[in-house]
Amino acid sequence: MFGSGVNRLGVTNNSDSFSPSSLFVGGFKGAWYDMTDLSTMFKVDGSTPAVVGQAVGKILDRSGNGQHLIQTTESKCPLLVVDSEGNLCLDFDGTDGMRTAGNFPFATNNVTVMSVFVGAKKEATDLNQTVVELSNTVGGTNGGFRLFCTSGEKWRAIQKGTGANTISTTAVGNPNKSILTSVASISAPSQTFRRNGAVVLANTTTLGTGTFGDHPLSMGARSGGSSTNLDGKIYSVIVVGKLASADEIASAEKYVADKTGVTI
């Protein structure tokens with residue numbers, strides 16, 4: 001049976017010495033979604049436990065911040081599946097998407113730094129597919145971020161205060177399973193984008209001013225399913241309003257990689 005320490009059929013993960021919950025110690029805001037923990041996933045009614053092969057309408061936030069993801073329209077719900085390598089994940093078919101019921105209180109808490117860790121797989125060459133996005137449309141909103149795939153079969157990270165900085169990988173082809181990390185500071189301008197444990201690019205380009213905003217978080221599409229829908233899979237998502245240390249980055253990436261079935 002799958003549980004919080006098992007990500008493949010009968011295979012215990014190798015990250016048991018690290019828990020993403022440690023990233024939130026001290027009251028840091030954010031969320032942690034673990035698609036290998038069946039106790040956190042429910043059907044579209046929000047109360048019936050999810051089962052493999054069926055739609056998921058609610059995912060509990062394991063960080064303790066109460067930022068649960070929901071989708072109340074069953075046709076827009078991703079499916080809970082076991083991938084071809086035996087890993088539990090959510091399967092988005094190009095029409096699905098989820099969103100938090102409320103806003104993250106980042107501006108309220110004067111959060112000017114952000115770390116995002118994602119395990120995802122893109123399976124189609126359609127352009128502009130969202131994995132996670134803080135704000136309904138990051139391009140028109142201050143204080144957001146977005147991880148997505150774009151033209152040329154690239155992964156891309158945008159972090160934004162009143163200004164934005166965008167970093168893209170080179171072409172990675174399809175299907176492609178990746179561990180994506182974006183760490184940024186508005187107050188002391190910097191952004192680092194990493195893929196599969198290696199730096200894609202790090203710079204000190206300004207992100208403008210201000211804080212990260214009090215916005216909802218969407219997964220698998222923009223604005224909870226309205227556009228830029230992902231055709232692919234998501235395995236793990238961690239969002240925390242802190243500038244993760246080198247050790248925290250390495251541990252979080254290893255944790256997400258184990259959940260995703262990627263070796264880094």
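Me: Before we look at any strand, what do buried, exposed and partly exposed mean here?
Reply: Buried means under 20% relative accessible area, exposed means over 50%, and partly exposed lies in between, with a 1.4 Å probe and protein chains only. This is a predicted model, where local features need pLDDT of at least 70, side-chain atom pairs count only at pLDDT 80 or more, and totals for chains, interfaces and linings use all residues. Residues are numbered from 1 along each chain as its sequence is written, and side-chain values use heavy atoms, with hydrogens and water left out.

Me: Thanks! Which way do the side chains of strand E15 point?
Reply: In a regular strand the side chains alternate between the two faces of the sheet. Strands (E, at least two residues) and helices (H or I, at least four) are DSSP runs, numbered from the N terminus. In E15, Asn176, Ser178, Leu180, Ser182 and Ala184 point one way, while Lys177, Ile179, Thr181, Val183 and Ser185 point the other way, and all are buried. Because 10 of the 10 residues of E15 (residues 176–185) are buried, this strand is largely enclosed by the rest of the structure.

Me: Which strands are joined to E15 by bridges?
Reply: Two strands pair if DSSP finds at least two bridges between them. Strand E10 (residues 113–122) is joined to E15 by 10 bridges, and the two run antiparallel; here valine 118 stands opposite leucine 180. Strand E16 (residues 190–195) also runs antiparallel to E15, with six bridges, and valine 183 of E15 stands opposite threonine 192 of E16. A hairpin through four residues joins E15 to E16.

Me: Now the backbone. Where should I look for unusual geometry?
Reply: Most residues other than glycine have a negative phi, and most peptide bonds are trans. Start with the peptide bond from asparagine 174 to proline 175, which is cis, with omega near -15 degrees. Proline 175 sits in the loop between strand E14 (164–168) and E15. Then turn to asparagine 110, which has a positive phi of about 55 degrees although it is not a glycine. Its place is the loop between strand E9 (98–100) and E10.

Me: And what is the phi of asparagine 196?
Reply: Asparagine 196 has a positive phi of about 50 degrees, again without being a glycine, and is found in the loop between E16 and strand E17 (198–203). As for accessibility, asparagine 110 counts as exposed at 55%, whereas asparagine 196 counts as partly exposed at 23%.

Me: How many salt bridges are there?
Reply: A salt bridge is a side-chain nitrogen of Lys or Arg within 4 Å of a carboxyl oxygen of Asp or Glu. By this rule the count comes to 13. One of them joins glutamate 123 to lysine 121, with the closest N and O atoms 3.8 Å apart. Glutamate 123 is partly exposed at 28%, while lysine 121 is buried at 15%.

Me: Which parts of the chain does the pair of arginine 222 and glutamate 133 link?
Reply: Their side chains meet in a salt bridge at 3.0 Å, N to O. The pair links distant parts of the chain, 89 residues apart: arginine 222 is in the loop between strand E18 (217–219) and strand E19 (231–240), and glutamate 133 is in strand E11 (residues 129–134). Both residues, arginine 222 and glutamate 133, are buried.

Me: What about aspartate 258 and lysine 254: how far apart are they in helix H1?
Reply: They are four residues apart in H1 (residues 246–260), so about one helical turn separates them. Their side chains meet in a salt bridge at 2.9 Å, N to O.
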